[in-house]
Amino acid sequence: MAFVIDAFARRIVGWRVSNSLSTAIALDALEQALYDRQVRPDNELIHHSDRGVQYLSIRYTERLGEVGVIPSVGRVGNSYDNALAETVIGLFKTEVIRQQGPWKSLDEFEYATLAWVDWFNNKRLLEPIGNRPPAEKEDEYYRQLEVSAMAA
């Protein structure tokens, strides 16, 4: 599985599951995130990843360049570089893999992942963002932007 997580509200904005870890799975998750975020070259976004071969592939880095996203790759042996991703993946493994698996098919696993991502984004309370779900944190941010724009 591959997740793309927005670090601001810790919302999962792209995800994919596959039978193999490849550039294609990472690109599919990235495309979902780009669509979700309506990414434009003027967004000044940074994409941070570990040194997995799928994230360092030519196709992946070229796609980031095409949409103007700045790549940032973690250092070897530094777990702090990927703490957010490792936390989300650890929660997924604990709450889905270990409790619900094994699955009979990739479709079953994909559905379990979909249900968990929806729950994580919309209902899971996260302490670093004020014990709120990621979607609520984002909604609050965009409401504040609207208020600021109306006041200006």
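The axis of a helix here is a line fitted to its C-alpha atoms, over the stretch in contact when two helices are compared, and angles between axes run from 0 to 180 degrees between N-to-C directions. Keep that in mind for this tour of a predicted model.

**Stop 1: two helices side by side**

Select helix α1, residues 23-37, and then helix α3, residues 58-66. Two packed helices are described by the angle between their axes and the distance between the axes. The axes of α1 and α3 come within 9 Å and cross at roughly 15°. Angles under 35 degrees count as roughly parallel, so α1 and α3 are roughly parallel to each other. Their crossing is right-handed.

Now show the side chains where the two helices touch. From α1, pick Thr-23, Ala-24, Ala-26, Leu-27, Leu-30, Glu-31 and Leu-34; they meet Arg-59, Tyr-60, Arg-63 and Leu-64 of α3.

Two of these residues deserve a closer look. Glu-31 and Arg-63 form a salt bridge, with 2.4 Å between the closest N and O atoms. This pair links distant parts of the chain, since Glu-31 sits in α1 and Arg-63 in α3, 32 residues apart. Are the two partners buried or exposed? Each falls in between: Glu-31 is partly exposed at 31% relative accessible area, and Arg-63 is partly exposed at 22%.

**Stop 2: along helix α1**

Stay with α1 and look at its length. At 1.5 Å a residue, its 15 residues should span 21 Å, and the end C-alpha atoms are indeed 21 Å apart.

Next, color the buried residues of α1: Thr-23, Ile-25, Ala-26, Leu-27, Ala-29, Leu-30, Ala-33 and Leu-34. An α-helix has 3.6 residues a turn, so residues three or four places apart point the same way. What do the buried residues of α1 pack against? Show strands β1, β2 (11-16) and β3 (46-49), together with helices α2 (53-56) and α3, and you will see their packing partners. Just after α1 comes Gln-38, with a positive phi near 45°.

**Stop 3: a charged pair at the end of α1**

Side chains of opposite charge can pair when their charged atoms come close. Select Arg-37 and Asp-6, whose side chains meet in a salt bridge at 3.3 Å, N to O. Arg-37 belongs to α1 and Asp-6 to strand β1 (residues 2-6), so the pair ties together parts that are 31 residues apart in sequence. Arg-37 is partly exposed, with a relative accessible area of 22%. Asp-6 is also partly exposed, at 22%.

**Stop 4: another pair, and a network**

Move along to Glu-140 and Arg-132. These two form a salt bridge as well, with their closest N and O atoms 2.8 Å apart. Glu-140 is partly exposed, with a relative accessible area of 25%, whereas Arg-132 is buried at 18%. Elsewhere, salt bridges that share partners join Asp-6, Arg-11, Asp-36, Arg-37 and Glu-138 into one network. How many salt bridges are there in total? The count comes to 9.

**Stop 5: a last look at helix α4**

Finish by selecting Lys-93, which lies in helix α4, residues 83-100. Lys-93 is partly exposed, with a relative accessible area of 38%. Add Asn-82 and draw a line between the two C-alpha atoms: they are separated by 16 Å, and the residues are 11 apart along the chain.

Definitions and conventions
Residues numbered from 1 in each chain as written. Predicted model: local features only at pLDDT ≥ 70, side-chain atom pairs only at ≥ 80, totals over all residues. Heavy atoms only, no water. Salt bridge = Lys/Arg side-chain N within 4 Å of Asp/Glu carboxyl O. Helix = DSSP H or I, 4+ residues; strand = E, 2+ residues; numbered from the N terminus. Buried < 20%, exposed > 50% of the residue type's maximum accessible area, 1.4 Å probe, protein only. Expected span 1.5 Å × (residues − 1). Contact = heavy atoms within 4.5 Å. Parallel < 35°, antiparallel > 145°, perpendicular 65-115°, else oblique. Left-handed = near helix turned anticlockwise from the far one by under 90°.
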